Amino acid sequence: MTGEEQPVGPQNDVRWPNIVFAPSPANRSQLVKLFASEITIRQRLDDELISSICQYAGLIHGAIPGGYPSLPEAFALFRGIRRPMVEFERDEAIHVYVTNPPVDFVFVSTHQSNGGPQRVSPPKDSVFVIYSDFSQHALDGLRGNGDIEGVIYDWEWVLADPGNSSLPDGFSERYAERIW
Amino acid sequence: MTDLLDRLATENRATRPKDRFEPIARYYPEMDLLLFLNEECSYRSDRIDPFLTVLWHSKDERLVGLKLKGFRFIFEQAKSILELREDAFLPLVKAIEIALVGSLGELMMKRAEKDRIERLRDRYEQAKQLAKKISVPPDEWKRAA
């Protein structure tokens with residue numbers, strides 16, 4: 001794949017694999033530091049959900065060959081997941097970054113090595129979303145990361161809206177409000 | 001070898017993936033959802049309703065898993081009806097994880113696939129009915145040709 005422009009801004013560093021930069025909810029032209037939940041990463045690795053880990057490595061962190069950190073170019077940000085809730089504040093606090101990367105990543109194993117992420121074409125009619133929490137509740141769970149502003153809990157490709165292929169299907173019913 | 005994958009494993013106290021996937025059902029507390037996946041691959045999420053999302057293979061038209069969302073909410077509702085204690089939550093989650101890997105997951109996916117085909121059929125039928133009402137002026141046909 002050639003010709004795609006790469007996002008610019010602070011580069012995510014392989015020395016800190018859980019830390020990534022994303023546009024601020026308050027000002028999309030400013031980047032803030034997010035922390036990918038240790039529990040999420042560990043569960044994915046322990047369950048051998050390799051494609052999901054490759055998507056984190058390639059599409060969110062990006063510090064791999066051919067990586068495409070898509071957060072700095074996020075198309076939209078929504079707040080509040082509409083679903084049956086027990087902890088009202090928690091679902092209201094979830095923010096959903098919507099990105100449209102031109103690539104996906106899958107795991108390719110080889111005989112010579114342990115294998116790794118490989119760049120492939122993205123799923124059709126889909127957008128890539130990243131779920132983050134900016135609440136104090138989420139930040140209280142972090143150890144000694146004073147300048148972290150949010151926590152990433154999940155990420156996935158979702159079907160795109162038939163009327164707007166850059167947004168998730170049913171976005172107006174799924175989320176409480178669009179931040180930008 | 002990918003340094004970032006090694007670092008992710010080290011920093012998050014996990015083992016590096018070795019491409020030995022087996023179908024899983026797992027509860028993710030931070031998103032309060034139960035994931036069932038019977039094939040390790042990139043997938044697209046298709047939200048059916050606030051409780052259920054089905055997962056389609058990223059390239060092929062086949063279901064590879066599903067997500068049950070708001071699991072804690074369901075438990076809280078059941079708690080009062082069934083007089084459950086809080087310490088019943090994790091065993092209940094485990095029971096459903098086992099059931100999903102057993103055969104429940106496959107049954108739910110087959111049902112979701114059948115429902116989708118019926119929904120598509122309805123949409124096509126609606127589109128056909130609409131098309132019958134549209135009359136295209138002859139000039140437009142000439143332009144199209």
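Reader: How many residues does each chain put into the contact between chain B and chain A?

Author: In this predicted model, chain B brings 49 residues to the contact and chain A brings 58 residues. A residue counts here because some heavy atom of it lies within 4.5 Å of a heavy atom across the divide.

Reader: What area is buried between chain B and chain A?

Author: About 4600 Å², with carbon and sulfur atoms giving 57% of that. On the chain B side, B:Leu4, B:Glu30 and B:Met31 lose the most area to chain A, and together they make up 16% of what that side buries.

Reader: What makes the meeting of A:Asp47 and B:Arg26 a salt bridge?

Author: Set the distance against the cut-off. A salt bridge needs a side-chain nitrogen of Lys or Arg within 4 Å of a carboxyl oxygen of Asp or Glu. The side chains of A:Asp47 and B:Arg26 come to 2.6 Å, N to O, so the pair earns the name, given the 4 Å limit. Between chain B and chain A the count is 4 salt bridges, and there are also 16 residue pairs in polar contact.

Reader: Which parts of chain B supply the side that touches chain A?

Author: Helices H1 (3–11) and H2 (71–82) of chain B each supply at least two residues, and so do several strands, including E1 (24–28) and E5 (63–69). H1(B) gives the most, with 7 residues. Sorted by class, that side of chain B has 21 nonpolar, 7 polar and 21 charged residues.

Reader: Why is B:Ser45 called buried?

Author: Buried means under 20% relative accessible area. B:Ser45 sits at 1% relative accessibility, so it counts as buried. You'll find B:Ser45 in strand E3 of chain B. Its contacts come from both chains: among them are A:Trp157 and A:Leu159 from chain A, plus B:Thr53 and B:Lys67 from chain B.

Reader: Is A:Thr40 buried or exposed, and what does A:Thr40 touch?

Author: A:Thr40 is at 2% relative accessibility, so it counts as buried too. A:Thr40 belongs to helix H1 (residues 38–46) of chain A. Leaving aside neighbours within four places in sequence, A:Thr40 is in contact with A:Tyr153, A:Trp155 and B:Glu30. You've met B:Glu30 already, as one of the chain B residues that lose the most area to chain A.

Reader: Why is B:Leu104 called partly exposed?

Author: Partly exposed is the zone between the buried limit of 20% and the exposed limit of 50%. B:Leu104 has a relative accessible area of 33%, so it is partly exposed. B:Leu104 is in helix H3 (residues 89–133) of chain B. Its C-alpha atom is 9.8 Å from that of B:Phe36, although these two are 68 residues apart along the chain.

Reader: How do you know that A:Cys54 is in no disulfide?

Author: A disulfide needs two cysteine sulfur atoms within 2.5 Å. For A:Cys54 the nearest cysteine sulfur is that of B:Cys41, 12 Å away. Looking from the other end, the closest cysteine sulfur to that of B:Cys41 is in A:Cys54, and 12 Å is too far for a bond, so the two stay unpaired. Over all chains the structure holds 0 disulfides. Both cysteines are buried, though: A:Cys54 has a relative accessible area of 0% and B:Cys41 has 9%.

Reader: And what is the secondary structure of chain A?

Author: Chain A comes to 5 helices and 10 strands. Of its 180 residues, 57% count as buried.

Key. Residues numbered from 1 in each chain as written. Chains lettered and ligands numbered in written order. Predicted model: local features only at pLDDT ≥ 70, side-chain atom pairs only at ≥ 80, totals over all residues. Heavy atoms only, no water. Buried < 20%, exposed > 50% of the residue type's maximum accessible area, 1.4 Å probe, protein only. Buried area = accessible area lost by both parts, 1.4 Å probe. Polar contact = N/O pair within 3.5 Å; in protein donor to acceptor, adjacent residues only side chain to side chain. Helix = DSSP H or I, 4+ residues; strand = E, 2+ residues; numbered from the N terminus. Nonpolar A, V, L, I, M, F, W, Y, C, P; charged D, E, K, R; others polar.
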